Amino acid sequence: MIERLLDVLGALVGLVFTIIVWPLIAVAIKLDSEGPVLFRQVRIGQHGRPFTMLKFRTMRQNAAAEWPQLIASRGLSEPVLKLADDPRLTRAGRVLRRWSLDELPQFWNVLKGEMSLVGPRPEEPRIVAFYDAYHRRRLAAKPGLTGPMQIAARADLSLDERTALDLEYIENGSLRRYFAILLRTIPVVIRGKGAY
């Protein structure tokens, strides 16, 4: 209950302090490429429940349809979280991802109770389809805007490495660690390591 209260307060503060840049981000996205400003994508939340996660759009339209061919052309095997040099990214999208500005709309997901400020990152159904019983344990917690993966190496970790970090947090989480992860997220975002 305390964490939920902190999530709501944090999300409200986040929205108030970032809403001023939303119109600027929207203009940059629209000038750079065709398509909507916001990107809506189904992610898997707590207990395996799907929800629609919001982000500022960082890729060209219909980028999702290009994913299977892109993976096949590079000889990669699933589950791949992100590509370091994804050709579908727009110029504005690269900047937004570098500074994690594309994640700002997720404060709304936090307010709705679909996400927490801190927790395992919500993954796409295509990734969850590869889960075994060990990986599914990470779905016990509400997904987070930031979490253990973000302060470790972001997109540079394998599925098993991400899961190990998430499970350690789920099983040993506390308000102290909740705040510690929030604070440690700031320098990680500034450095931009693993931000694709």
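**Figure 1. Contacts across the chain.** Two residues count as being in contact here when their heavy atoms come within 4.5 Å of each other. With that in hand, take the contacts between residues at least 6 apart in sequence: 72% of these join residues at least 24 apart. Keep in mind that this is a predicted model.

**Figure 2. The whole protein, before zooming in.** How many helices and strands are there? The protein has ten helices and four strands. Start at the N terminus and the elements go α-α-β-β-α-α-α-β-α-α-β-α-α-α, so to speak a roll call for finding your way around. The C-alpha trace spans about 40 × 40 × 30 Å along its principal axes. Why call the protein a compact globule? Because a compact globule of 196 residues would have a radius of gyration near 16 Å, and the protein's own value of 16 Å agrees with that.

**Figure 3. Inside and outside.** Of the 196 residues in the protein, 46% are buried. As for the outside, the protein exposes about 10300 Å². Carbon and sulfur atoms supply 64% of that exposed area.

**Figure 4. A look into the second largest pocket.** This pocket holds about 230 Å³ of space. Its lining is made up of 16 residues. Which of them lie nearest the centre? Those are Glu3, Val118, Ala141, Lys142 and Tyr169. Sorted by character, the lining has seven nonpolar, five polar and four charged residues.

**Figure 5. The elements around that pocket.** Four elements each bring at least two residues to the lining of the second largest pocket: α1 (2–18), β3 (116–118), α9 (159–172) and α10 (175–191). Which one gives the most? That would be α1, with three residues.

**Figure 6. The closed-off space.** Now for a cavity, a spot where a 1.4 Å probe fits but cannot get out. Counting those of 30 Å³ or more, there is one. The largest cavity has a volume of about 50 Å³. Its lining includes Ile44 and Gly45, then Pro120, Arg121, Pro122 and Glu123. Val128, Tyr131, Arg138, Leu139, Ala141 and Pro143 line the largest cavity too. By character, this lining divides into eight nonpolar residues, one polar and three charged.

**Figure 7. Ala141, a residue to look for twice.** Ala141 is one of the residues lying nearest the centre of the second largest pocket, and Ala141 also lines the largest cavity.

Notes
Residues are numbered from 1 along each chain as its sequence is written. This is a predicted model: local features need pLDDT of at least 70, side-chain atom pairs count only at pLDDT 80 or more; totals for chains, interfaces and linings use all residues. Side-chain values use heavy atoms; hydrogens and water are left out. On a 1 Å grid over the protein atoms alone, a cavity is a set of points where a 1.4 Å probe fits but cannot get out, and a pocket is an open set with protein on both sides within 12 Å along at least five of seven lines; lining residues have an atom within 4 Å of a point. Grid points are joined across faces, edges and corners, and a volume is the space filled by probe spheres set on the points. Ala, Val, Leu, Ile, Met, Phe, Trp, Tyr, Cys and Pro count as nonpolar, Asp, Glu, Lys and Arg as charged, and the others, Gly among them, as polar. The radius of gyration is taken over C-alpha atoms; the globule rule is 2.2 Å times the number of residues to the power 0.38. Buried means under 20% relative accessible area, exposed over 50%, partly exposed in between (1.4 Å probe, protein chains only). Accessible areas come from the Shrake-Rupley method with a 1.4 Å probe; for residues, only the protein chains shown count as cover.
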